[in-house]
Amino acid sequence: MADDKEKHLYHISISPHIRAPYSTGSIMRDVIFSLIPILIFATLYFGPRALLVTVLSVASAVLSEFLWQKLTKTPVTIGDYSAAVTGLLLAFNLPVGVPLWIPVIGSAFAILIVKQMFGGIGQNFVNPALAARCFLLVAWAAPMTNFTVDGITSATPLGITDPAGLPSIMSCFLGTIPGCIGETSALLILLGGGYLLARKVIDYIIPVSFIATTVLLTYLFGGDGFYQMFTGGLMLGAFYMATDYTTSPMTKKGKWIMGIGCGLLTAIIRRFGGYPEGVSFSILLMNLCVPLIDRFTVPKIYGEVKKHAK
């Protein structure tokens, strides 16, 4: 009888024994949900073509992942929505007027070259959407820097050299300015980022340190940091790309280093570089530093004794 009671008291299972209430699918659904208001605004402001570019980008990402996994006879993981998120974020980094083949090629590059060739989700060493965006920018610079609103071509606020032609801070905050599909409305990006913070999908450290460092250094370099905070891809990059689990540090100290490093590089590229925007390049460069950051910021194991060199 005692043996029967002991069988009910002890249960043996494989670790981990404590599980978080989150999964890859639930996290990605939260990210998609937070991006929907931005997409709705972009469709209303830029027109239906913004929605078409986004749909093509997402479809190409999902289809590329599905075909790769079928051809390589690996488990199909499109149900975790990670490919859809990659397609969404790439579309949000594209001008609305790009040729329709660009989001298709870009998403295929992001999934096949940057993600799947390195082992799939969790194995890529740089953010797939940003890597694809930089690939497209280098390969097809003209359409990737052609920003239109209502059929009228205009420069983004960061590309305007005449102060008299700059849009107001309120326009930049609300999003009624030229730019990429998902980067113009700082208000909606902040709301989406706030939702992810409330859901504990992301941590505050990287977005806060990234934005604060960019603003502070922009002022030190003689620019208007407050204005640049709401322009370009700073908000979108800080909340949605720099916080990517796979390509960001694991420790809190590492996250601070990541955010400050991104802000430093962004401010330097914007102020001294030949390209008015620096968010994409700064995040990719810091992605490459993440293994080194993790190595030097991992806390000491309790009870660990270092070996003394003889």
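## Helix packing

Helices α2 and α9 run roughly antiparallel to each other, because an angle over 145 degrees counts as such. This is a predicted model. In it, α2 spans residues 24-46 and α9 spans residues 186-198. Their packing angle is about 165°, and the axes lie 9 Å apart. The crossing of α2 past α9 is right-handed.

## Asp30 and Arg199

Helix α2 also contributes to a salt bridge. Its residue Asp30 pairs with Arg199, and the closest N and O atoms are 3.1 Å apart. Arg199 sits in the loop between α9 and α10 (205-220), so the pair ties together parts that are 169 residues apart in sequence.

The two partners differ in exposure. Asp30 is buried, at 7% relative accessible area. Arg199 is partly exposed, at 38%.

## Further salt bridges

The count of salt bridges comes to three. One of them joins the side chains of Lys115 and Glu65, with an N to O distance of 2.7 Å. This pair links distant parts of the chain. Lys115 belongs to helix α5 and Glu65 to helix α3 (residues 48-71), and 50 residues separate them. Lys115 is buried, with 4% relative accessibility. Glu65 is buried too, with a relative accessible area of 0%. Both values fall under the 20% cut-off for buried residues.

Glu277 and Arg270 form another salt bridge, at 3.0 Å from N to O. Both residues are buried.

## Phe92

Phe92 lies in helix α4, which covers residues 82-92. Its relative accessibility is 0%, so Phe92 counts as buried. Ser57 is 35 residues away from Phe92 in sequence. In space, the two C-alpha atoms are 9.6 Å apart.

## A nonpolar surface patch

Six names make up a nonpolar patch on the surface: Ile113, Met117, Phe118, Phe125, Leu285 and Leu288. The patch has an area of about 570 Å².

Met117 is one of its members. This residue is found in the loop between α5 (101-115) and α6 (128-139). Met117 has a relative accessible area of 53%. That is over the 50% cut-off, so Met117 counts as exposed.

Key. Residues numbered from 1 in each chain as written. Predicted model: local features only at pLDDT ≥ 70, side-chain atom pairs only at ≥ 80, totals over all residues. Heavy atoms only, no water. Patch = residues over 30% accessible without salt bridge, like charges linked within 9 Å, V, L, I, M, F, W, Y side chains within 5 Å. Areas by Shrake-Rupley, 256 points an atom, 1.4 Å probe, with all protein chains shown as cover. Salt bridge = Lys/Arg side-chain N within 4 Å of Asp/Glu carboxyl O. Helix = DSSP H or I, 4+ residues; strand = E, 2+ residues; numbered from the N terminus. Buried < 20%, exposed > 50% of the residue type's maximum accessible area, 1.4 Å probe, protein only. Axes fitted to C-alpha atoms, helices over the stretch in contact; angles between N-to-C directions. Parallel < 35°, antiparallel > 145°, perpendicular 65-115°, else oblique. Left-handed = near helix turned anticlockwise from the far one by under 90°.
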